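Visitor: I'm new here, and I'd love a walk through this one. Could you take a few questions?

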Amino acid sequence: MSSYAIEILAKGHDRAGFVSGLESVDRYLWATARGHQEKGISVTRVLVNVEEAPPKTVVGFFTLSNITVSASDWPGAPGRLPKQAVAAVLLGRLAVAKASQNLGIGSMLVASARQLARETILLTGGVGLVVDAANEAVIGFYSRFGFRPVAAASLRMFLPAASLETGARIQRDE
Ligand SMILES: CC(C)(COP(=O)(O)OP(=O)(O)OC[C@H]1O[C@@H](n2cnc3c(N)ncnc32)[C@H](O)[C@@H]1OP(=O)(O)O)[C@@H](O)C(=O)NCCC(=O)NCCS
């Protein structure tokens with residue numbers, strides 16, 4: 001039986017073979033994710049079959065980074081935030097390979113991102129998890145997990161720290 005795990009993006013992962021159908025996200029994994037990781041800009045995690053010989057097929061991936069946001073009028077944000085921007089975790093990219101979509105993998109990756117965001121916020125603070133939906137269609141997907149647009153017609157969505165529950169623990173090899 002195959003054994004899948006979420007790993008931090010590394011050389012042995014087949015970035016070039018990944019296709020989700022949304023080219024801007026795919027291009028990020030092909031060309032940018034490793035460079036950003038090496039520079040400390042963000043961390044990308046990939047879902048792979050741990051038993052597969054490298055280069056391992058990337059079944060799905062997501063990218064997290066730290067950002068600062070002016071969140072005082074965002075839905076669910078704490079009251080009386082300071083005027084200056086405050087810390088948050090950004091789920092910058094998320095995608096599942098075309099052949100593996102609609103199997104619950106995207107939802108599992110969101111659960112993992114939520115868990116990591118919660119741990120980060122517990123360690124260093126932060127008002128919540130932010131996601132930039134790629135288009136209007138994806139807003140429905142993120143809404144399922146409690147994210148709300150930060151303003152009318154905005155593709156930026158927010159899940160307050162208080163709503164980041166631990167959820168099911170997902171195996172990670174780190
Ligand atoms: C969006 C994406 C990550 C969802 O991953 P997935 O593994 O297919 O999603 P899941 O199987 O976990 O879907 C969970 C539910 O969300 C729904 N859903 C999936 N994609 C959706 C979308 N784009 N919009 C609205 N709902 C969506 C599914 O129908 C499913 O509903 P159900 O539980 O009633 O059957 C995936 O379709 C993808 O990679 N798309 C291309 C890249 C992309 O758009 N990324 C988002 C960038 S912000």
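What follows is a short chat about the model on view.

Visitor: Let's start with confidence: over which residues is the pLDDT below 50?
Guide: Keep in mind that this is a predicted model. The chain does well overall, with a mean pLDDT of 94 and 94% of its residues at 70 or more. There is a weaker stretch, which still has 16 contacts in the model beyond near neighbours in sequence. Where pLDDT is low, the predicted coordinates should not be read in detail. The stretch with pLDDT below 50 is residues 167–174.

Visitor: Which element gives the largest share of the shell around the ligand?
Guide: The shell has 21 residues, and L22, Q101, G106, S107 and G140 come nearest to the ligand. Two or more residues each come from β6 (86–96), α2 (105–124) and α3 (136–143). The largest share is four residues, and the element giving them is α3.

Visitor: And how many residues of that shell are charged?
Guide: Let's sort the shell by type. Nonpolar residues number 12, and polar ones number eight. That leaves the charged group, with a count of one.

Visitor: Over how many bridges do β5 and β6 pair?
Guide: Start with the other partner of β5: strand β3 (residues 43–49) pairs with β5 (residues 60–69) in the antiparallel sense over five bridges, and T44 stands opposite T63 there. On the β6 side, F61 has A95 as its bridge partner. The pairing of β5 with β6 is also antiparallel, and its number of bridges is 10.

Visitor: Which element gives the largest share of the largest nonpolar core?
Guide: That core holds 39 residues, and L64, L91, A113, L129 and V130 touch the most other members. The elements giving two or more residues are α1, β3, β5, β6, α2, β7 (128–132) and β9 (156–160). Seven residues make up the largest share, and they come from β6.

Visitor: Which residues does A113 touch, leaving out those up to four places away in sequence?
Guide: A113 is one of the core residues that touch the most other members. With those sequence neighbours set aside, A113 touches F62, L64, L91 and L129.

Visitor: Is G17 buried, exposed or partly exposed?
Guide: G17 is found in the loop between β2 (13–14) and α1 (23–38). P54 is 37 residues away in sequence, yet 12 Å from G17 in space, C-alpha to C-alpha. Buried takes 20 or more other C-beta atoms within 10 Å, and exposed takes 12 or fewer. G17 has 13, so G17 is partly exposed.

Key: Residues numbered from 1 in each chain as written. Predicted model: local features only at pLDDT ≥ 70, side-chain atom pairs only at ≥ 80, totals over all residues. Near = placed C-beta within 6 Å. Nonpolar A, V, L, I, M, F, W, Y, C, P; charged D, E, K, R; others polar. Pairing = 2+ DSSP bridges. Core = buried A, V, L, I, M, F, W, Y, C linked by C-beta atoms within 7 Å. Contact = placed C-beta atoms within 7 Å. pLDDT = per-residue confidence, 0-100.
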